[in-house]
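Student: Could you take me through a close look at one part of this structure, beginning with a single side chain and its surroundings and then moving outward to the sheet and the helices?

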Amino acid sequence: MTTSVETLEFQAETRQLLRLVIHSIYSNKDIFLRELISNASDALDKLRLESLTDSTLAGVDTADLHVSLETDKDSRTLTVRDNGVGMSRDDLVELIGTIAKSGTADLLEKIKETKDATTAENLIGQFGVGFYSAFMVADKVTVRTRRAGTDSGTQWESDGEGAYTLQTVDGLPVGTSVTLHLKPADSEDGLADYLSESKIRQIVKQYSDFIRWPIRMATEGTDAEGSTTEDVETLNSMKALWARPRSEVTEDEYNEFYQQISYDWQPPAETIHMRAEGTFEYEALLFIPSQAPFDLFSRETKRGVQLYVKRVFIMDDCEAVMPHYLRFVKGVVDAHDLSLNVSREILQHDRQIQGMRRRLVKKVLGALKDMQSKDAERYATVWAQFGRALKEGLIEDTDNAEALLGLVSAASTHDPEKPTTLRDYVARMKDGQDAIYYLTGETRAVVENSPHMEALTAKGYEVLILTDPVDEVWVDRAPAFDGHSFQSIAKGQVDLDGTADGDGQSDAEKARREQDFAALLPWLTGTLSEQVKEVRLSSRLTTSAACIVGDAHDVTPTLEKMYRAMGQQLPTVKRILELNPTHPLITALRTAHDANADDPAVAQTAELVYGSALLAEGGDLPDPARFTRLLTDRLSRTL
């Protein structure tokens, strides 16, 4: 039995907002089904809870709570039905009528101000009108519902054009059905055929696969005799592993889920399963892969963490919950207290989300630290795959710099094959050594054969060999590790044996050498003024004639090249030419200069010394043709 129909008008501004929702706000019309299934799931959750706490509902049947999807191709209707808590007449006005509450005018004004469809869609989500997305695909929506514990139900119906009707209906089962009278499919308008079984399956799989309640639909098939059969099939897996205690999940289940979300058929190197309770509840199931994807360093690469809200899929590539340098981490974060239509912009500025992000990052870094200490071989594999990305964190994430430095693994002169951690490096430091010495270069061979290494190698000092492009940046920005700062052996003065020279010379011997070269050094500085800012005697060379170094805070040549490749023009940085005062070539140059400083051959020799030093560190000659002519001429004179 039904009562008379009561027609209610929407406010004028609400009609405007409805038209925006229906015709221009949502870019992806498929999400209407996500919204309706999510509402149905909430209703089932509420009935389960209220049946435990409300004595008047003790007799309500909760044995088979589920969501049903029903299609009628003849009448072109799609119905989303649940046997959840249902709604009363007042609930309908209050919940489904959210759009007519105070704040509508404010929302409308904000939508008018924005010209971006995505931003407008996110605004709609903030005001909780996701139910009305049904009107994007339907000409009319009918809601029939009965609240658990009541005798009669209510029907709500609207065509989305500014009015809705309400009437009391007897004989309805407990729960809610939302029937959409679908518009014709229109690919140009983004309207799919939502009566298609395959389309419904695809939407449920993408957005609602992990809803805890079964989502059922009658599907057609054929039996062995070729006759058409109809079976009720559950469309969602309901396997939200992150919502189950870790003790109840097998390793095979973790691996299967990882393969499903990552498309990586290798098992993950590490699984992180966590749950946070309190003012902001969430669950996370994260994986550290065992091998890097091919596009890890591509500009278009996406983060691997998906965001869910109460098991409903919200977005891929959720940068708000994982920083860029951990983009290789795969998995799911399921937050309980967010809107289904939460925007990326809101996520980036939400304090609770930022707190969740900090905890997730610490959890990932903590898992890597445990792996490093307990399974060095497995960690070496992970570092080889993702170490370069992790070192980006030393530039981006100063809050976790100490933890990241503890994870760094680098080649060094201590072992030709096995990398070292910074902690092991510090444990091997010589008495009186304050700094962690390093040298950057394109390859290990280039670094090991660099003239800058000679004095440190001779005295047994260990030097980190850094060959990743990112190494050029983070070592200058990283804080001290365990009280020891990082020092490039190609910059400034290297303090060996507690002195700025480190060559063991007596003060008298140093003074004598300075006097011997007092005339040559300023002359060379003037002669090579276009290339260098200073020429001085070196304490870091033992076998090479010369090397080029920078001041302590100079940009390295490699970093300068990187900036230029990115279109950032830097002023040319002049460096320092250091000479080995004991090398025969340098002593001969001094003698020739003392004899006749105006001889062109002396200036040409100075050019050759500078060019040779530049080549020795892997640099590019400013004029290769001139250098070759000078070298060829000089060699021909010696034969």
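Tutor: In this predicted model, K491 touches D476, R540, G550, D551, A552, D554 and T556, leaving aside residues up to four places away in sequence. K491 itself sits in the loop between β19 (486-488) and α16 (507-516), and because its relative accessibility is 7%, below the 20% limit, K491 counts as buried.

Turning to helix packing, α17 (residues 520-527) and α20 (residues 600-616) pack at an angle of about 75°, with their axes 11 Å apart, which means that α17 is roughly perpendicular to α20. On the α17 side the contact is made by W523, L524 and T527, and on the α20 side by V602, A603 and A606; sorted by class, this contact has 5 nonpolar residues, 1 polar residue and no charged ones.

The sheet to consider is an open one of 9 strands, in the order β1-β6-β5-β4-β7-β3-β2-β8-β9, with mixed pairing. Its edges are β1 (6-9) and β9 (228-234), each with a single partner strand, so one side of each is left without a neighbour in the sheet, while neighbouring strands are turned by 20° against each other on average, direction ignored. At the β1 edge, β1 pairs with β6 (residues 163-170) in the antiparallel sense over 4 bridges, and E9 stands opposite A163 in β6.

Helices also lie across this sheet: α2 (residues 31-53) lies across β2 (67-72), β3 (77-82), β7 (175-182) and β8 (215-222), running at about 25° to β3, whereas α6 (residues 197-207) lies across β2, β3, β8 and β9, running at about 145° to β8.

Terms used:
Residues numbered from 1 in each chain as written. Predicted model: local features only at pLDDT ≥ 70, side-chain atom pairs only at ≥ 80, totals over all residues. Heavy atoms only, no water. Axes fitted to C-alpha atoms, helices over the stretch in contact; angles between N-to-C directions. Helix = DSSP H or I, 4+ residues; strand = E, 2+ residues; numbered from the N terminus. Parallel < 35°, antiparallel > 145°, perpendicular 65-115°, else oblique. Contact = heavy atoms within 4.5 Å. Nonpolar A, V, L, I, M, F, W, Y, C, P; charged D, E, K, R; others polar. Buried < 20%, exposed > 50% of the residue type's maximum accessible area, 1.4 Å probe, protein only. Pairing = 2+ DSSP bridges.
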